[in-house]
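Biologist: Please take a close look at the salt bridges of this model, and at the surroundings of the residues that form them.

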Amino acid sequence: MFTLLKYNIEKTIGHSISEKDFKSFHELVFEKSFEKKSFLVEEGELCNYIYFVREGSCYSYIADKKGEKHVVQFALEGFWISDLYSFFSNRPAIYSIEALESLNVLVLNKENFQNCCDNIPVFDRFFRMLIQNAYVSLQYRMAKTNSEEAESRYEEFARQNPHIIQRIPQYLIASYLGIKPQSLSRIRKEMVSKKGIVKQKII
């Protein structure tokens, strides 16, 4: 049950973790399942949990005044997701997190997060690195969005995330990349005609 979690932790910190530390940590998390289209977090509510995806997929987004979704993150197996603004500030969430498929997650609440950071040094490092990596990734995506053509952004995303391309609807990927869905459809058709790519979910 916890093999994927242990792999994620060791990959992030760059070395193995002791059985004692890992046992102490997994005693702090609990398992929960969500049906497709249900919410882990809704904008305006408090977010008191961090989620680790064991099975399924979900995504976080912010909705504008017109109701249009602007995707912030996708999370498949082996990914962590939360509204960290709400989690750390104790203010209402600015994002919603919705299940794209039937979802099974491991859940860490705020109290246990603080306990493991205070009492298990390797997890203080792990979560620091996890949040640091997420921030660096966000900065990189923002820079690319403002400096590169849409085709280049999609090509890089598809190359680095073939698993996401296979499972996430095209209109959500377009939102994540800051591209109009019709423009992404045109880009994909041009890529297919040039060199061929694996078909992506279109729903």
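Modeller: A salt bridge here is a side-chain nitrogen of Lys or Arg within 4 Å of a carboxyl oxygen of Asp or Glu, and in this predicted model the structure holds eight of them. One of these joins glutamate 98 to lysine 69, with the closest N and O atoms 3.4 Å apart; glutamate 98 belongs to strand β7 (residues 96-99) and lysine 69 to strand β5, so that the pair links distant parts of the chain, 29 residues apart. With a relative accessibility of 10%, glutamate 98 counts as buried because the limit for that class is under 20%, whereas lysine 69, at 29%, counts as partly exposed.

Another salt bridge brings together the side chains of arginine 167 and glutamate 77, at 2.8 Å from N to O. Since arginine 167 lies in helix α7 and glutamate 77 in the loop between β5 and β6 (80-81), this pair ties together parts that are 90 residues apart in sequence. Arginine 167 is partly exposed, its relative accessible area being 25%, and glutamate 77 also counts as partly exposed, at 32% relative accessibility. The two residues are linked with Glu101 in a network of salt bridges.

Glu101 leads on to serine 57, for the side chains of serine 57 and glutamate 101 are joined by a polar contact of 3.2 Å. Serine 57 is found in the loop between β3 (49-55) and β4 (58-63), and it is buried, with a relative accessible area of 0%. When its neighbours within four places in sequence are left aside, the residues in contact with serine 57 include Ala75, Leu76, Ala99, Leu100, Glu101 and Arg167, so two members of the salt-bridge network, Glu101 and Arg167, are among its contacts.

A further salt bridge, between the side chains of lysine 144 and glutamate 148, has an N to O distance of 2.6 Å; lysine 144 counts as partly exposed at 21% relative accessibility, and glutamate 148 is partly exposed as well, with a relative accessible area of 25%.

Helix α7, which holds arginine 167, also takes part in the packing around helix α6 (residues 150-160), whose buried residues are Arg153, Tyr154, Glu156 and Phe157. These residues cover an arc of only 165 degrees around the axis, which puts them on the same side of α6, and they pack against β5 (69-75), α5, α7 (162-167), α8 (170-177) and α9 (181-194).

Terms used:
Residues numbered from 1 in each chain as written. Predicted model: local features only at pLDDT ≥ 70, side-chain atom pairs only at ≥ 80, totals over all residues. Heavy atoms only, no water. Helix = DSSP H or I, 4+ residues; strand = E, 2+ residues; numbered from the N terminus. Buried < 20%, exposed > 50% of the residue type's maximum accessible area, 1.4 Å probe, protein only. Polar contact = N/O pair within 3.5 Å; in protein donor to acceptor, adjacent residues only side chain to side chain. Contact = heavy atoms within 4.5 Å. Arc of directions from axis to C-beta.
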